[in-house]
Amino acid sequence: MAPTQIGVSLQFDWTVIIGVMPELLRGAGVTLYITAGGLLGGLTLGLFIGLLRAYAPKFVNALAFAYVEAIRGTPIVVQVMFIYFALPLLIGLRVDPMTAAFTAIIINASAYIAEIVRGAFLSVPNGLKEAGLAMGLPMWKVLVFVLGPVAFRRLIPPLGNQCIVSLKDTSLFIVIGVGELTRTGQEIMATNFKAVEVWAAVAVLYLIMTGFLSAALRFTERRAKIL
């Protein structure tokens, strides 16, 4: 009997990528949708909590600190699974996968953005705040018109980094069946078994999205230096 030779030929089939690209682009659209909506909510909540961390009385500051530490101390995948699986058992509140994904991004991003905001505002020289108050401005006007523009320039780099992190975190929502890019790639691979081509295409799409965010961040930094 002639010996059996087993050979593995790895051929990258570009036609596979072309065929599945429409589905992957739809998944990427879902990824961007969750990221944009979640970050909008996370930025709003994080700005509020960050200002509490910086300027609120001790008791309120302690509550804000406890929130930030609780969220930053747990993985986002645990948070989204708690929202999706545990809340129905605890309080009878059922949410669909997309709502759970949005909520998880908002909650997770807000904790990190809160610390970014706190650090940016506290890094502004205290003399600016005292000067604004000495002019008779209420505290909210001092925050918005005196400290805000200076703090904004300083929070751009870490805030941009958080946007990229949140975008990549959406891939973890595969655990609850959200049809984002990673989930779409997994479903496609399960039907055609072309792991190399599918995951290469998924990786490139993530690189394009994060590259666009990085470019937007660099542009915003340049503009902020001019203003």
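**Exercise 1. Work out what surrounds the largest pocket of this predicted model.**

Step 1: start with size. The largest pocket fills about 350 Å³. On a 1 Å grid over the protein atoms alone, a pocket is an open set of points where a 1.4 Å probe fits, with protein on both sides within 12 Å along at least five of seven lines. Its volume is the space filled by probe spheres set on the points, which are joined across faces, edges and corners.

Step 2: find the lining, meaning residues with an atom within 4 Å of a point. There are 18 such residues, and L39, L159, G160, C163 and L213 are the closest to the centre.

Step 3: look for the helices (DSSP runs of H or I, at least four residues, numbered from the N terminus). Two or more lining residues come from each of α1 (14-55), α6 (139-169) and α8 (195-226). With 7 residues, α6 gives the most.

Step 4: sort by class. You get 15 nonpolar, 3 polar and no charged residues. Here Ala, Val, Leu, Ile, Met, Phe, Trp, Tyr, Cys and Pro are nonpolar, Asp, Glu, Lys and Arg are charged, and the others, Gly among them, are polar.

**Exercise 2. Now do the second largest pocket.**

Step 1: its volume is about 150 Å³.

Step 2: its lining includes L43, I113, F121, G148 and L159. Elements giving two or more residues are α1, α4 (97-122) and α6, and α6 has the largest share, 5 residues.

Step 3: the classes come out as 9 nonpolar, 1 polar and no charged.

**Small print.** Residues are numbered from 1 along each chain as its sequence is written. In this predicted model, local features need pLDDT of at least 70 and side-chain atom pairs pLDDT 80 or more, while totals for chains, interfaces and linings use all residues, and side-chain values use heavy atoms, without hydrogens and water.
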